[in-house]
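Ready for a few warm-up exercises? Have a look at the structure below, try each task yourself, and then read through the solution.

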Amino acid sequence: MNTLVKDTIEKTQWFAHPIDTVWNAITETEQVSQWLVPTDFKAEVGASYSLKNPKDNCDMVRGEVLEAAPYTLVYSWINETCKEVVTLITWNLVEENNGTTLKMVHSGISQYDNDTAPDMIESYTGGWERCFNNLGEILS
Amino acid sequence: MSEIGNRIFKAIADPTRREIFHLLVIGSALSISQISNSFDISRQGVTKHIKVLEEANMVEFKTQGREKFIFAKPEALKEVKDWLAFYDKFWDDKLDSLGRYLDETT
């Protein structure tokens, strides 16, 4: 991959908290709902989750947990209004300097299935702007 | 913008197309044969890739002399930049929120 068409977001942040505290905060339903968005998220491989719009209770983001073993968490992240773009969220925790370094990567515009994507794309009439607006609305 | 946006995402999903596009951006315009030689793929294969890039409005053909050359239109990547800008800010905000949550509850 070259940097010209970079399609990945990477964030690294250090927290003055034990690794298990941070791990629980990013994996437990109640806790994730506190700082991210109200969700039914469960950190079990194969479990699906959704982020709901509180206004109309419609799913805004959907996904499935692909990996959930301390201290790596991976799930897919699909905007309901842009279903053909399957992105991936990866969380990784490392104990460091009496705290925890968290690295998160949001990647995967490149996850297309090359055979089926063109048809879906041709029939698609929505747009990213709409996704952004809707998502911004509930996630802000 | 929606159609084009999706075509761009589709276009850059393929590593070979990324590389072809990259080469066109950092280098100069190239013919199908030149790309074919650089990547060791058939002219037919290159033509297919270029078609996808052209549909995404990422490249255009210009005839010079007898040959057709392919030019990159890197401004097409604005769509991808918008996507990244949105989520970049989103995750900054959410990680701040996670930090506050951790500080307050533990």
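**Exercise 1. Work out how helices H3 and H4 of chain B are arranged, and which residues bring them together.**

*Solution.* Keep in mind that this is a predicted model.

Step 1: find the two helices. In chain B, H3 spans residues 32-39 and H4 spans residues 43-55.

Step 2: look at their axes. They are 9 Å apart and cross at an angle of about 110 degrees.

Step 3: put a word to that angle. Angles of 65 to 115 degrees count as roughly perpendicular, and that is therefore the label for H3(B) and H4(B).

Step 4: list who touches whom. H3(B) brings Ile32(B), Ser33(B), Ile35(B) and Ser36(B) to the contact, while H4(B) brings Arg43(B), Val46(B), Thr47(B) and Ile50(B).

Step 5: sort these residues by kind. The contact of H3(B) with H4(B) has 4 nonpolar, 3 polar and 1 charged.

**Exercise 2. Describe chain B as a whole: what are its elements, and in which pattern do they follow along the sequence?**

*Solution.* Step 1: count the elements. Chain B has 5 helices and 2 strands.

Step 2: read along the sequence. The pattern comes out as α-α-α-α-β-β-α.

Step 3: check burial. Chain B has 106 residues, and 32% of them count as buried.

Step 4: check the contacts. Take those in chain B between residues at least 6 apart in sequence: 53% of them join residues at least 24 apart.

**Exercise 3. Find the buried residues of helix H1 in chain A and say how they sit around the axis.**

*Solution.* Step 1: go to residues 19-27 of chain A, where H1 lies, and pick out the buried ones: Val22(A), Trp23(A), Ala25(A) and Ile26(A).

Step 2: look around the axis. These residues cover an arc of only 160 degrees, so they are on the same side of H1(A).

**Exercise 4. Map the surroundings of strand S6 (residues 99-107) in chain A.**

*Solution.* Step 1: start with S1(A), residues 9-15. This strand runs antiparallel to S6(A), and 7 bridges join the two. One of the pairs is Ile9(A) with His106(A).

Step 2: move on to S5(A), residues 86-96. Here 9 bridges make the link to S6(A), again antiparallel. Glu95(A), for instance, has Thr100(A) as its bridge partner.

Step 3: look at the turn. S5(A) and S6(A) make a hairpin with 2 residues between them, and Asn97(A) in the turn has a positive phi of about 45 degrees.

Step 4: split S6(A) by face. Thr100(A), Leu102(A), Met104(A) and His106(A) form the covered face, whereas Gly99(A), Thr101(A), Lys103(A), Val105(A) and Ser107(A) form the uncovered one.

Note on methods:
Residues are numbered from 1 along each chain as its sequence is written. Chains are lettered from A and ligands numbered from 1 in the order in which they are written. This is a predicted model: local features need pLDDT of at least 70, side-chain atom pairs count only at pLDDT 80 or more; totals for chains, interfaces and linings use all residues. Axes are lines fitted to C-alpha atoms, for helices over the stretch in contact, and angles run from 0 to 180 degrees between N-to-C directions. Helices (H or I, at least four residues) and strands (E, at least two) are DSSP runs, numbered from the N terminus. Angles under 35 degrees count as roughly parallel, over 145 as roughly antiparallel, 65 to 115 as roughly perpendicular and the rest as oblique. Two residues are in contact if their C-beta atoms, placed from the backbone, lie within 7 Å. Ala, Val, Leu, Ile, Met, Phe, Trp, Tyr, Cys and Pro count as nonpolar, Asp, Glu, Lys and Arg as charged, and the others, Gly among them, as polar. A residue is buried if 20 or more other C-beta atoms lie within 10 Å of its own, exposed if 12 or fewer, and partly exposed in between; C-beta atoms are placed from the backbone. The arc is that of the directions from the helix axis to the C-beta atoms. Two strands pair if DSSP finds at least two bridges between them.
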